[in-house]
Amino acid sequence: RDVQSVVAESPGRVVFRFVPGAARDMPLIVAGLPILSQAYYQGRAFDQTTLEPPLGSGPYRVAAVDQGRSLTYARVTDWWGQDLPVNRGRYNFDRIRFDFFRDRDVAFEAFKAGGYDFREEFTSKTWATGYNTPAIRSGLIKRETLPDASPSGTQAFFINTRRPQLADVRVRHALGYAFDFEWTNENLFYGLYQRTTSMFENSDLRHRGAPSAAELDLLEPFRAELPAAVFAGEFAPPVSDGSGTIREQLRAARTLLEAAGYRVVGGKLLDPTGAQLEVEFLIDIPSFERIIAPIARNLERLGIAASIRIVDSAQYANRLQTYDYDIVTQRFSLDPTPGIGLRNIWGSAAAEQQGGANLAGVRNPVVDALIERLGIAQSREELKATVSALDRVLLWNFYSVPQWYKPSHFIAYRDVFGRPDVKPAYDLGFLDTWWVDAAKAAAAGKLPSAGP
């Protein structure tokens with residue numbers, strides 16, 4: 001809606017004109033749009049799925065599709081952009097194959113058996129205990145932890161405020177007390193993670209301490225519409241001693257639930273109509289059950305009927321698209337310079353758009369106003385103040401229960417690759433700048449057999 005017109009002035013020049021007052025990041029947004037072939041889609045339905053590879057303009061083309069199993073790319077030998085300075089040293093693999101697995105454990109076993117060559121590990125238990133193998137000990141497979149300076153964004157349990165029982169902020173606040181991160185990190189994650197306390201974690205944009213003067217200028221016009229805590233200080237989730245006993249946290253949760261009109265009768269937490277409070281965690285990764293089960297037990301101690309529903313990936317995607325869930329886990333990796341794209345995650349207009357990213361169903365005029373301010377920020381300092389204020393509003397409305405993050409990449413790979421000495425600060429660098437080292441490949445006995 002911020003683009004007024006698009007004109008192809010010549011074969012190599014396209015001009016976008018924006019409406020007056022358009023967001024300052026609109027040039028970045030339109031420049032990042034994929035280039036699609038108009039001729040290709042004449043006679044082809046754009047909104048229908050297909051296994052026919054579309055015409056693209058990038059350094060690789062789709063070479064083979066094994067539906068549900070693998071996708072193979074081949075390098076375009078006469079790619080138009082290969083001699084541009086920005087692309088020197090990039091896109092070095094002739095063929096790349098992605099293998100797909102329905103289960104993380106099966107995928108890991110395939111890696112250990114030599115089925116593919118590169119793996120980024122996202123399961124702390126596997127990273128801590130699963131790599132003591134002969135291939136690791138012999139050096140055939142390398143295991144490394146690489147620093148990651150990119151904004152972590154947020155990973156959280158997103159609470160669906162479209163559900164009547166979860167519309168009350170006090171209920172959502174209470175749910176957060178049932179998550180014992182310290183015990184979980186020590187006993188399930190081997191101490192590998194840190195607690196997320198911001199929607200813009202691991203970046204200079206996250207809020208800190210009490211609101212600054214610039215933040216107060218943004219927040220004061222909405223004081224009557226905001227929780228008082230927004231103006232008081234830094235958001236901090238509850239912290240336990242790690243023993244697994246969280247009586248104080250559950251007591252605080254009980255106080256909030258009683259203030260919301262709930263009462264415990266016969267061990268069940270009932271609303272004024274006599275209905276028990278129920279919540280369901282929807283997941284499609286079975287390994288997450290061990291993480292959620294302790295939370296569900298804590299909720300049951302409060303008298304809440306808590307359950308875990310495991311579904312396949314297709315059903316999970318469908319239920320997310322139609323917002324048919326109580327609580328789901330999701331991670332949003334946000335840009336170092338966020339802008340009006342945040343409308344899609346937290347904007348009111350996106351709350352009812354099927355297939356959207358506003359998982360919590362946030363419909364908050366203050367959030368909308370701050371997102372729009374991002375688009376017209378005139379300096380980095382103004383942007384930081386606006387993002388920090390937005391961070392506070394989102395956190396203190398308890399649309400989610402923050403989970404965890406790590407400012408690093410856990411990677412394992414067959415020792416046949418070369419890579420630049422300096423890793424990109426905001427990216428892993430694999431595929432984009434790595435290459436096959438012929439000497440290492442010869443020492444390993446063969447060239448890589450598969451892709452990441």
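**Note on the predicted model**

1. In this structure, which is a predicted model, glutamate 280 stands opposite serine 307, a residue of strand E13. Another pairing with E13 is that of leucine 282, whose bridge partner there is arginine 309. Strand E12, which covers residues 278–283, runs parallel to E13, and six bridges join the two strands. Is E12 enclosed by the rest of the structure, or left open? Five of its six residues are buried, so strand E12 is largely enclosed by the rest of the structure.

2. These two strands belong to an open sheet of five strands, in which the order is E13-E12-E14-E8-E15 and the pairing is mixed. The edges are taken by strand E13 (305–310) and strand E15 (400–402), and each of these has a single partner strand, so that one side of each is left without a neighbour in the sheet. When direction is ignored, neighbouring strands of this sheet are turned by 30° against each other on average.

3. Two helices that pack on this sheet can be described together. Helix H10 (residues 289–301) packs on the sheet and touches strand E8 (154–159), E12 and E13, and its direction makes about 160° with that of E13. Helix H11 (residues 313–321) also packs on the sheet, where it touches E12, E13 and strand E14 (327–332), and its direction makes about 130° with that of E12.

4. At the start of the numbering, strand E1 (residues 3–10) pairs with strand E2 (residues 13–18) in the antiparallel sense, over six bridges. The two strands are joined by a hairpin, and the connection from E1 to E2 passes through two residues. As an example of the pairing, valine 3 has phenylalanine 18 of E2 as its bridge partner.

5. For the protein taken as a whole, there are 15 helices and 19 strands. Why can the protein be called as compact as a globular protein of its length? Its radius of gyration is 25 Å, which is close to the 22 Å that the globule rule gives for 452 residues, so the protein is as compact as a globular protein of that length. Along the principal axes, the C-alpha atoms fill a box of roughly 70 × 60 × 45 Å. Of the 452 residues, 44% count as buried. Among the contacts between residues at least 6 apart in sequence, 67% join residues that are at least 24 apart.

6. Aromatic side chains deserve a point of their own, since a search of the whole structure finds 34 aromatic pairs. In one of them, the rings of tyrosine 41 and phenylalanine 46 have their centres 5.1 Å apart and their planes at 70°, so this pair is edge-to-face, given that planes over 60 degrees apart are counted in that way. Tyrosine 41 is partly exposed, with a relative accessible area of 25%, whereas phenylalanine 46 is exposed, with a relative accessible area of 57%. Elsewhere, one aromatic cluster is formed by Phe157, Phe179, Phe181, Phe189, Tyr193, Phe281, Phe288 and Trp404.

7. Aromatic rings also have charged partners in this model. The charged end of arginine 162 sits over the ring of tyrosine 323, at 3.6 Å from the centre of that ring. In a second case, arginine 223 lies over the face of phenylalanine 231, and here the distance from the ring centre is 3.8 Å.

8. The backbone should be read with some care at two residues. Most residues other than glycine have a negative phi. Tyrosine 91, although it is not a glycine, has a positive phi of about 60°, and leucine 431, which is not a glycine either, has a positive phi of about 75°. Tyrosine 91 lies in the loop between E4 and E5, and leucine 431 lies in the loop between strand E18 (417–418) and strand E19 (435–436). Is tyrosine 91 buried or exposed? With a relative accessible area of 19%, tyrosine 91 is buried, because the cut-off for that word is under 20%.

9. Valine 86 is found in the loop between strand E4 (70–75) and strand E5 (95–99), and this residue is exposed, with a relative accessible area of 59%. How far apart are the C-alpha atoms of valine 86 and threonine 433? They are separated by 12 Å, while the two residues are 347 residues apart along the chain.

Definitions and conventions. Residues are numbered from 1 along each chain as its sequence is written. This is a predicted model: local features need pLDDT of at least 70, side-chain atom pairs count only at pLDDT 80 or more; totals for chains, interfaces and linings use all residues. Side-chain values use heavy atoms; hydrogens and water are left out. Rings of Phe, Tyr and Trp (its six-membered ring) pair if their centres lie within 6.5 Å; planes under 30 degrees apart count as stacked, over 60 as edge-to-face and the rest as tilted. Buried means under 20% relative accessible area, exposed over 50%, partly exposed in between (1.4 Å probe, protein chains only). A charge sits over a ring if NZ of Lys or CZ of Arg is within 6 Å of the ring centre and within 35 degrees of the ring normal. Two strands pair if DSSP finds at least two bridges between them. Helices (H or I, at least four residues) and strands (E, at least two) are DSSP runs, numbered from the N terminus. Axes are lines fitted to C-alpha atoms, for helices over the stretch in contact, and angles run from 0 to 180 degrees between N-to-C directions. Contact means heavy atoms within 4.5 Å. The radius of gyration is taken over C-alpha atoms; the globule rule is 2.2 Å times the number of residues to the power 0.38.
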